[in-house]
Structures are given as structure tokens and as C-alpha cells.
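I opened this notebook page to record where charged side chains sit and how they pair. The entries follow the order in which I looked things up.

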Amino acid sequence: MRFTSWLLVALLTLSGCALPARDSTLAYDEVARSIQERYEKALPDLPSSKQRHYAQRLYRMTGDDRYLPLNRAYGRQLVSDLREEIDALADPGHAARRAREQVAAYPEGSAKQRRRKRMLAEWGEIAYAKGLAFKLTQAKYHGLLNEADLPGHQRALDYLASVDFRAFLLDPGVMAVYAAQVANLVYYLEDLGVTDLREEVASAFRRQYPPARDARLSTAEYRNKIYGMTHFVIAASDYYQQPVEAEDFRWVLDEFAAGLERILADTKEDIYTEVGISFLLAGEEDHPAVRRLRNALLEAYDPVARMLPSEQGSTDLARGEHRNVLAIMLLNWPDRLYPGPTLAVRQDQ
């Protein structure tokens with residue numbers, strides 16, 4: 001009788017230990033699906049930039065053709081914009097003029113935005129050149145960087161080759177307020193064949209932000225560091241189009257694992273979700289950090305709004321699109337990624 005009771009308790013205990021893993025896995029899927037349904041119902045009413053961001057990432061997660069119309073619409077607008085820029089670059093003063101306009105229009109709603117605006121104002125044509133590099137890289141991602149879709153595109157690449165990106169990307173003051181954008185830009189330039197500064201920039205980043213300095217970083221500085229680190233991984237994946245080699249980013253993943261408590265305490269959902277995605281891109285879905293980060297999303301999820309609210313509690317769908325599409329990705333990571341989509345052959349459809 002005593003043995004039977006002991007056995008029953010043991011079985012219940014074992015089953016109890018197993019249930020959280022099974023239930024949390026179901027919860028991950030359920031929350032991801034709930035957020036996805038909420039956003040896809042609202043998607044037609046979101047700004048076009050948010051539609052593009054969402055549809056591009058969901059296509060790369062699923063390969064589902066239903067995301068192609070929004071990607072095609074983005075491709076058409078991208079080609080139109082780049083054709084204008086390619087033509088305008090025949091005017092030697094175009095880049096400097098556009099850079100001044102872009103800096104003048106840069107938002108000033110937060111202290112971070114004001115610091116970035118001041119920084120960009122000091123760097124001449126960089127404000128324009130970095131945006132052009134982004135658009136050309138997007139065109140390449142979608143199979144549009146060719147003479148048929150973008151005649152004369154070499155003019156834009158030649159312009160980028162004339163810009164001193166190295167000084168900008170290695171500047172400590174730039175890194176201090178723009179780390180994620182620095183990581184993005186260095187991979188765009190390599191991808192476009194303009195210049196390869198990846199190792200130099202990563203080394204400069206690591207000198208500026210060694211783990212021993214973390215305790216002295218303010219919350220804003222720490223967020224800038226962690227967000228920058230995630231973007232070294234994400235940009236290397238061509239934005240969720242392909243896995244990365246874990247050993248190439250061991251310095252990133254090891255720091256994330258060691259600093260996970262502060263990451264969860266001092267960063268926000270956008271940032272710590274990208275920390276989790278960095279592990280996934282490196283093929284380390286079984287890393288304990290991934291479960292911790294997924295569980296943090298479950299805690300942050302608002303079942304009434306069916307989304308992740310902002311730090312301030314806002315449930316504005318447009319403003320929250322970035323963190324919520326990232327949450328879908330982290331909670332429901334696929335077995336494979338889908339590059340592209342390639343739009344060149346579909347551009348006139």
C-alpha cells in the first residue's frame with residue numbers, strides 16, 4: 001500500500017515536471033497565432049512601411065504566397081524610388097542637398113532622436129548615403145538590382161564607393177548612439193560589393209563595449225550595445241533569409257547568455273526578442289536563453305489587446321508592429337527560412 005502510494009506520488013511528480021514544457025510550447029504557438037491574427041486583420045489599415053516590414057518577415061518565416069502582393073507593392077515602389085535617385089545622382093550636388101533635407105526632417109521627439117540628429121548633421125552626405133545603401137540592398141534581396149529593373153544602377157554603386165564610410169562606421173561617437181545602424185550598414189556595404197569593413201567594425205565595437213564596461217553603462221547605453229549586437233547577427237543573415245554560423249558570432253551569443261538577467265531587466269521587448277532570434281539564426285534553439293526569452297514574451301503579452309504593449313502600455317498597432325512581428329518570429333520559429341522573395345520576374349504582374 002505504501003509502495004503504491006509512493007509510486008503514485010512519483011508518477012504525479014514526474015508528470016507535473018513534464019507539463020510546463022508541453023504547456024509552454026502550446027502557449028508559444030497560441031500567443032504567436034493570436035498576435036498574427038490580430039495584425040493580419042489590421043494589416044490593410046497600417047502604413048505601407050509597416051505592411052512591408054511585416055509581410056517581408058512573414059514571407060521569410062513561412063514562404064506563404066499570400067504575403068507576396070505586399071512584397072510586390074514594395075518592390076514596385078522601391079524600383080520607382082531608386083530610378084529617381086539613379087537619375088538624380090547625375091547632378092553632383094544632389095547627395096549633399098538630400099542629406100541636408102533628411103537631417104532637417106529627422107524627428108526630435110526623444111532625447112535619443114535629438115542625439116542622432118546632431119550626430120548625422122556632423123557627417124555631411126552620410127545621412128543620404130546610408131539610406132541609398134539600404135534601398136540598394138533591399139533591391140538586391142528581391143532580385144531587382146539589375147539593368148532590366150534598375151538601368152544605370154552602377155552609378156549609385158559608384159557613388160557609394162566614393163563615400164568615406166570607414167571613418168563614420170569606426171567613430172566611437174557614432175557607435176555610441178547608432179550601434180544597430182552601424183552593424184546594418186557594414187553588412188549592406190559588403191553585400192553590395194562596395195567595401196568590406198565587417199571585421200574592423202566588429203573589433204571596434206568590442207573595444208568600445210567590452211563586458212567589463214557593462215556595469216558602468218546607463219540603461220540607454222546598455223540598450224544601444226545589446227541592440228547593436230543583435231544586428232551584427234541579423235544583418236549577417238540578410239535579415240532572416242539564411243542561418244548564420246554560430247562560431248562566427250560566439251562572442252555575441254556568449255555575452256547574451258552571461259548577461260541575460262540584465263538584458264531581461266534593462267532592455268525592452270524589441271531588443272530582448274532580437275536576442276532570442278540571434279540564437280535561433282545561429283541554430284541554437286535549444287539554448288536555455290531561448291526558453292527564458294520566450295517566457296518573458298508570454299509574461300508581456302496582453303490577451304485582451306492580443307499583442308505586446310509598449311513599455312508605456314500603448315496598444316497602438318502601427319507603433320507596435322516591430323516588436324509584435326518579432327514576437328511572432330521568436331515564438332514560432334520555422335524549420336527553414338525562405339529567402340527573398342524574388343520580385344524581378346513578377347514586377348509587372
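I first fixed the criterion: a salt bridge is a side-chain nitrogen of Lys or Arg within 4 Å of a carboxyl oxygen of Asp or Glu. The model is predicted, so I noted that local features need pLDDT of at least 70 and side-chain atom pairs count only at pLDDT 80 or more, while totals for chains, interfaces and linings use all residues. Residues are numbered from 1 along each chain as its sequence is written, and side-chain values use heavy atoms, with hydrogens and water left out.

Entry 1, salt bridges. I recorded a count of 19 salt bridges by this rule. As background, side chains of opposite charge can pair when their charged atoms come close.

Entry 2, a pair within a helix. I looked up arginine 98 and found a salt bridge to glutamate 101, with the closest N and O atoms 2.9 Å apart. Both residues lie in helix α4 (residues 94-105), 3 residues apart, which is about one turn of the helix. Helices here are DSSP runs (H or I, at least four residues), numbered from the N terminus. For exposure I used relative accessible area: buried is under 20%, exposed is over 50%, and partly exposed lies in between (1.4 Å probe, protein chains only). Arginine 98 is partly exposed at 25%, and glutamate 101 is partly exposed at 40%.

Entry 3, a buried pair. Lysine 225 forms a salt bridge with aspartate 214, the closest N and O atoms being 2.6 Å apart. The pair links distant parts of the chain, 11 residues apart: lysine 225 is in helix α11 (residues 219-236), and aspartate 214 is in the loop between α10 (198-208) and α11. I noted that both lysine 225 and aspartate 214 are buried.

Entry 4, further bridges. Arginine 66 and aspartate 64 meet through their side chains in a salt bridge of 2.9 Å, N to O. Aspartate 64 is partly exposed, at 28% relative accessibility. I also found Glu247, Arg250, Asp254 and Glu284 linked in a network of salt bridges.

Entry 5, lysine 117. Which residues does lysine 117 touch, not counting those up to four places away in sequence? I listed Val103, Ala104, Tyr106 and Glu108, where contact means heavy atoms within 4.5 Å. Lysine 117 lies in helix α5 and counts as buried, at 15% relative accessibility.
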